[in-house]
Number of protein chains: 4
Amino acid sequence: MDREKYSAGVWVFGSCPDRFVSRGYKDALPLEDRLKLVTEVWGISGIEAQYPSDFSAEDVDRVKGLLETYGLKLSMVCIDVYSDRKWQRGSLAAADEPIRQAAIATVKEAMDMAEQLGAMQVNFWGGHDGFDYPFQADYAGAWTRLVEGLRECASHRPNVRLCIEYKAKEPRTHLYVDTAAKALLLVNQVKRENVGVTLDTGHSLMAGENMAEAASMLSSAGKLFHLHFNDNYRDWDHDMIAGTVHLWEYLELLLWLRLLDYRGWYSLDMDPYREDPVYACSESFRNIDALREVVNSLNLDHLREEIKKENLREVQPLLRTALIRSS
Amino acid sequence: MDREKYSAGVWVFGSCPDRFVSRGYKDALPLEDRLKLVTEVWGISGIEAQYPSDFSAEDVDRVKGLLETYGLKLSMVCIDVYSDRKWQRGSLAAADEPIRQAAIATVKEAMDMAEQLGAMQVNFWGGHDGFDYPFQADYAGAWTRLVEGLRECASHRPNVRLCIEYKAKEPRTHLYVDTAAKALLLVNQVKRENVGVTLDTGHSLMAGENMAEAASMLSSAGKLFHLHFNDNYRDWDHDMIAGTVHLWEYLELLLWLRLLDYRGWYSLDMDPYREDPVYACSESFRNIDALREVVNSLNLDHLREEIKKENLREVQPLLRTALIRSS
Amino acid sequence: MDREKYSAGVWVFGSCPDRFVSRGYKDALPLEDRLKLVTEVWGISGIEAQYPSDFSAEDVDRVKGLLETYGLKLSMVCIDVYSDRKWQRGSLAAADEPIRQAAIATVKEAMDMAEQLGAMQVNFWGGHDGFDYPFQADYAGAWTRLVEGLRECASHRPNVRLCIEYKAKEPRTHLYVDTAAKALLLVNQVKRENVGVTLDTGHSLMAGENMAEAASMLSSAGKLFHLHFNDNYRDWDHDMIAGTVHLWEYLELLLWLRLLDYRGWYSLDMDPYREDPVYACSESFRNIDALREVVNSLNLDHLREEIKKENLREVQPLLRTALIRSS
Amino acid sequence: MDREKYSAGVWVFGSCPDRFVSRGYKDALPLEDRLKLVTEVWGISGIEAQYPSDFSAEDVDRVKGLLETYGLKLSMVCIDVYSDRKWQRGSLAAADEPIRQAAIATVKEAMDMAEQLGAMQVNFWGGHDGFDYPFQADYAGAWTRLVEGLRECASHRPNVRLCIEYKAKEPRTHLYVDTAAKALLLVNQVKRENVGVTLDTGHSLMAGENMAEAASMLSSAGKLFHLHFNDNYRDWDHDMIAGTVHLWEYLELLLWLRLLDYRGWYSLDMDPYREDPVYACSESFRNIDALREVVNSLNLDHLREEIKKENLREVQPLLRTALIRSS
């Protein structure tokens, strides 16, 4: 099994605050201590980090050194236009022009960082780009600002991929880029080679999507750039250990990633509030790995033929016996 | 208040079966009896009917006569590729090629009917074009079939509008065209002038959308062709009396329809299982009408300015006092 | 593995209508033909049937003969106070007193049938006992009628168990007995030994419950009388093949049923609209059986100790390796 | 209109952190500054405060003085067994016995505070008393600990009301006391006069309840002790301005509170992340007040009769014309 593309966000090893326990469920740790923990995770080879909150432009050399010391690659630079309260009414879609310009500048800087650190891709999640109440938003205006902002950023460094991560809600009650289809609409409108989509499995489940269908649609358009793994109960972005709730649908996603020849990262974006992060990441990868092993055990040509015929009564027993030890 | 565009589906005046009461909550009525009931509805001027289940090609003259007799316009021909069990595995997206061809033929015939009867638009809802189980569907294949089928149909009569109605689920657990964004993606890929979208308010609510945002997005693309009204609790397509649950969001939708200069129909698609259909339709129109009256009472220029500034604390009290009698 | 308690509703082998395909996805079959199909199901030994829609009082001897001929037990008499449109505004909770009395009479007759046919238990699901709209119901009045009706019925035959099946919605938008907790509240208020609860796994998932927690709560009160199996996506009662969506939570339920020493039936209540019913039931039992085999493979004393300590990082890997073939 | 019972939590005037903006959307303010803001709220006469996070035992005299100075009553002491990370695995239901004892001690102290400060009631919300993952919890054990803990606390001060606030989820993915029915089951099992329920409108909506039905059920049992107001989209506890989403159902709740002769507080529990708290509270009270005015304008005897008959077509137009200014 190829595990060269297993990665995790360094925030998974953070203090994990929420609105009730705002000081966090754990102590905050310096970046280096978190990287040390990362190396204890089963199967991992990369990390994601947030710019400018996990590191700043001055830290580039230090981060390079740390990555080398701990034998880790940087899989992604996540653009943090959400944790500072100044972004509370939006970033690239903000109605406030100075804020929108600050967001554009931050995206560009993050793209610079991604090039200097070899990640060659940045993740844009506009967590505050949305609205809370009826009558609050000028929908078309916000969308236009989003399109124009992304286009400007994409042109800044055409060799760095700009991955748009969709999410239906939180921290706003409604985010503009809420589903895979909306993200693809946006990407199509932005019309830049280097702009694509990050599919977060939990966001996909929460949006009522079938994850494999979303991956398939994005892949058909050449826009499935990146994957975030975690799990939930479809009701909220609980950011749980991957594969601990939706086993069948995880298996279907991994089957299709293989059929679609996905070559990108399998990266963990979780919030293990009450769990040890090394355990949470390791268990996630063991689940993903076990399911990829199940996929490997299948006769894929035969399976694909039967799926094309929608021959469920042939397909389900094949998968049951491949997955469940005692069947 | 202009009520020339108030319409309802003739099925609202039908027997309203469900899976438990399969013989219906009421007696079935012949088309003419239903049209008589339609004329008792407050404010109505049009109907929608399904081809070929409500009328067939042989019925065209009779239907024309009935419409004249009862002073009603035909607002829409709904393509029925769902009530016969032969469609159970899909229509335009069906993996079974003869079924898919039969669906294409039915769409074309419905377009012919729409022209002969003056509706000049048909509604395509692929209720079985989706899947139920993980591992059941070849997602990209189904999508391609859908695109190609729609393109062929659209070219059959470029002067008849082909309105795609999206819905996230039911009768399949997942339908391919599930959200306004997915519908617009599809329409963009089909690339035909006469192909657009029907926004069903209940489908929009069930998909977790803000109805005004969906309408705004479709309208910006010139693709908001038609509207179906009903209400629910966001959890399922209950097809309830319009405006009896989501009053604020209905008001926001009607406000934006005005701002977007929507000129199409306000058509009711409901299933009043336990209610008198004349009452259910009349009450729906009275709700819609009252809310449009509220919109009319507002200073729209001022309101739009404040919404552009996302000035909620100015906007909410304006709307509260405009809407609530005692405030 | 003991499969003496595997059962299915005879309606699973029916025509499966829904509101769009009201004539059904399949042809209707006479009871005997359905029983023949039942015997083809892997592992099955019993059936559930509805009174008076699947059989009437006059049919008792014939049904006895059929059960004998096909070697099947009757696991449950389901009281049908929902498929006739006369029940559309409620049965035991109906505001209309003659309807309520008719419902009481039907429950009592069903209890008579259950005794004569050896099932010794009836299932009461008040599908129309609820409301659709705000301002529609006199909540406390309906609840009192429900309590008094059940009490009267329970006293009719104290040796026949009266199992109340809860469901949050459908066919009403809200049913009164919506969750396991509400069902237990009701049972506690009825205060009769022979009144307990049917836990339908799909209803539990749709209500946002953890099925094992619900089973545990009902079992602690001595009121877990019966189980209905099927699956869905938590959003609606899709009545899918059991275990095809929620594998982990199914495993947890089966683990707890073992720990709680549940001795009742494992009965299928599904609507396999587009699937062969023999396949759908067989695959359900194979899923359930495989998961029960997984439970059998575990060191249950050790597992229970670790669960008591909420030692997730010990428990999850144990279950992963027990369940997933390749882990 | 009697507004003597309008209250709000002092946390509404706090920094409103969430997991992304953990330092808060606003600056934190000392208690006195928050009370000053409270006095600016339209219609308010009381506050809720959390023990021991908003004030400690040493602060009693100071708090008394502040309440006097600002002319406010203390409507409730909220027991804070959630904001300190030590409670992360539960309070009264914790498997860890020392933590459980600490929780019992905190509840008792809060009851002492409530007596000294004249609130005479405390609110218990066990935010961490639940579980996140399948296989994580020993359900029956946790329930027993909860019952016994509450019973012990209730006996500490029988003259102080112990109000249990139910919530389906957050910060755990599942809380044990998730619905009004489960809360009432718990209260019935605890069997103490002074133990009842707090109905939080947002929690009720999120649990899929009809708020009026929940209030009615609790009131019938004499256990509707307290009310928290806020709004959301049924999907999550967004803690929005009351009445800005669910207008009809809010009106129904307020109608029933009047019919049920509810005499307790109308208290706001909101998180106005991006809104001015004085505005958010004032707008909430104006919405509530306007709807209560609508209730006052109705012929309640007539309305109640029609509701008893479930005469929707009489009831809905009455309410439409009472509520909507232009109808």
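In this predicted model, the residue of chain D that comes closest to the rotation axis is D:Arg325, whose C-alpha lies at 2.0 Å from that axis. The axis belongs to the operation that superposes chain D on chain B, a rotation of 180° with 0.0 Å of shift along the axis and an RMSD of 0.0 Å. Such a relation is that of a two-fold axis.

**Interface between the copies**

- Of the interface residues of chain D, 100% are also interface residues in chain B, so the two copies meet through the same surface.

**Barrel of chain D**

- In chain D, 8 strands close into a barrel, following the order β1-β2-β3-β4-β6-β8-β9-β10 with parallel pairing.
- From one strand to the next, the twist averages 30°.
- Helix α3 of chain D, spanning residues 97-116, packs on the sheet and touches β2 (46-51), β3 (73-79) and β4 (121-124) of chain D, while its direction makes about 175° with that of β3(D).
- Strand β6 (residues 161-165) and strand β8 (residues 195-200) of chain D run parallel and are joined by 4 bridges.
- Within β8(D), D:Thr198 is the bridge partner of D:Glu165.

**Domains of chain A**

- For chain A, the domain assignment gives domain 1, covering 6-296, and domain 2, covering 299-327.
- The centres of domain 1 and domain 2 of chain A, taken over C-alpha atoms, are separated by 32 Å.

How values were computed: Residues are numbered from 1 along each chain as its sequence is written. Chains are lettered from A and ligands numbered from 1 in the order in which they are written. This is a predicted model: local features need pLDDT of at least 70, side-chain atom pairs count only at pLDDT 80 or more; totals for chains, interfaces and linings use all residues. Two strands pair if DSSP finds at least two bridges between them. Helices (H or I, at least four residues) and strands (E, at least two) are DSSP runs, numbered from the N terminus. Axes are lines fitted to C-alpha atoms, for helices over the stretch in contact, and angles run from 0 to 180 degrees between N-to-C directions. Two residues are in contact if their C-beta atoms, placed from the backbone, lie within 7 Å. Copies are superposed by least squares on the C-alpha atoms of residues with pLDDT of at least 70 in both. Domain bounds come from an automatic or database domain assignment.
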